[in-house]
Amino acid sequence: MSKRAGVAVAGVVAAIVVWSLVGFWAGLLVLIGVPAAVYLLLDPSQRRRVRGISRKQLGR
């Protein structure tokens, strides 16, 4: 299994677990809010680097 496929499977499993524990809307908020909060905690130079990296390069 490739690294990207493993990440996708982990995301689906996390979504199912969070949804079953706290409900759909709270689970959706957690699954979208946590990555958004982490992105906002980055320095401006780190955000620039993340935006500059294509999706293909993120798996490296």
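The protein exposes about 5300 Å² of surface, and carbon and sulfur atoms supply 70% of that area. The model is predicted. Buried residues make up 2% of the 60 residues in the protein.

The fold is helical. The protein has four helices and zero strands. Along the sequence the pattern reads α-α-α-α.

Start with helix H1, which covers residues 3-22 and includes Val9. Val9 has a relative accessible area of 44%. That value makes Val9 partly exposed, because it falls between the 20% limit for buried and the 50% limit for exposed. Val9 also belongs to a nonpolar surface patch. The other members of the patch are Met1, Val13, Val17, Leu21 and Val22. Together these residues make a patch of about 630 Å². One general point helps when reading such a list. An α-helix has 3.6 residues a turn, so residues three or four places apart point the same way.

Ala14 is another residue of helix H1. Its relative accessibility is 31%, so Ala14 counts as partly exposed. Now look across from Ala14 to Gly27. The two are 13 residues apart in sequence. In space, their C-alpha atoms are 9.3 Å apart.

Next comes helix H2, which spans residues 24-41 and has 18 residues. From first C-alpha to last, H2 reaches 26 Å. That is close to the 26 Å expected at 1.5 Å a residue. Even so, H2 has a kink of about 25 degrees at Gly33. The kink lies shortly before the proline Pro35.

Where are the paired aromatic rings? The count comes to one aromatic pair. Phe24 and Trp25 form this pair. Their ring centres are 4.8 Å apart, and the planes stand at 80 degrees to each other. The geometry is edge-to-face, because the angle is over 60 degrees.

How accessible are the two partners, Phe24 and Trp25? Phe24 has 44% relative accessibility, so Phe24 counts as partly exposed. Trp25 has a relative accessible area of 65%. Trp25 is therefore exposed, since the cut-off for that class is over 50%.

To retrace the path: the protein has four helices, with a nonpolar surface patch that includes Val9. Helix H2 carries a kink at Gly33. Phe24 and Trp25 supply the edge-to-face pair.

Definitions and conventions. Residues numbered from 1 in each chain as written. Predicted model: local features only at pLDDT ≥ 70, side-chain atom pairs only at ≥ 80, totals over all residues. Heavy atoms only, no water. Helix = DSSP H or I, 4+ residues; strand = E, 2+ residues; numbered from the N terminus. Expected span 1.5 Å × (residues − 1). Bend = angle between axes of the 7 residues up to and from the residue. Patch = residues over 30% accessible without salt bridge, like charges linked within 9 Å, V, L, I, M, F, W, Y side chains within 5 Å. Areas by Shrake-Rupley, 256 points an atom, 1.4 Å probe, with all protein chains shown as cover. Salt bridge = Lys/Arg side-chain N within 4 Å of Asp/Glu carboxyl O. Buried < 20%, exposed > 50% of the residue type's maximum accessible area, 1.4 Å probe, protein only. Phe/Tyr/Trp six-rings, centres within 6.5 Å; stacked < 30°, edge-to-face > 60°.
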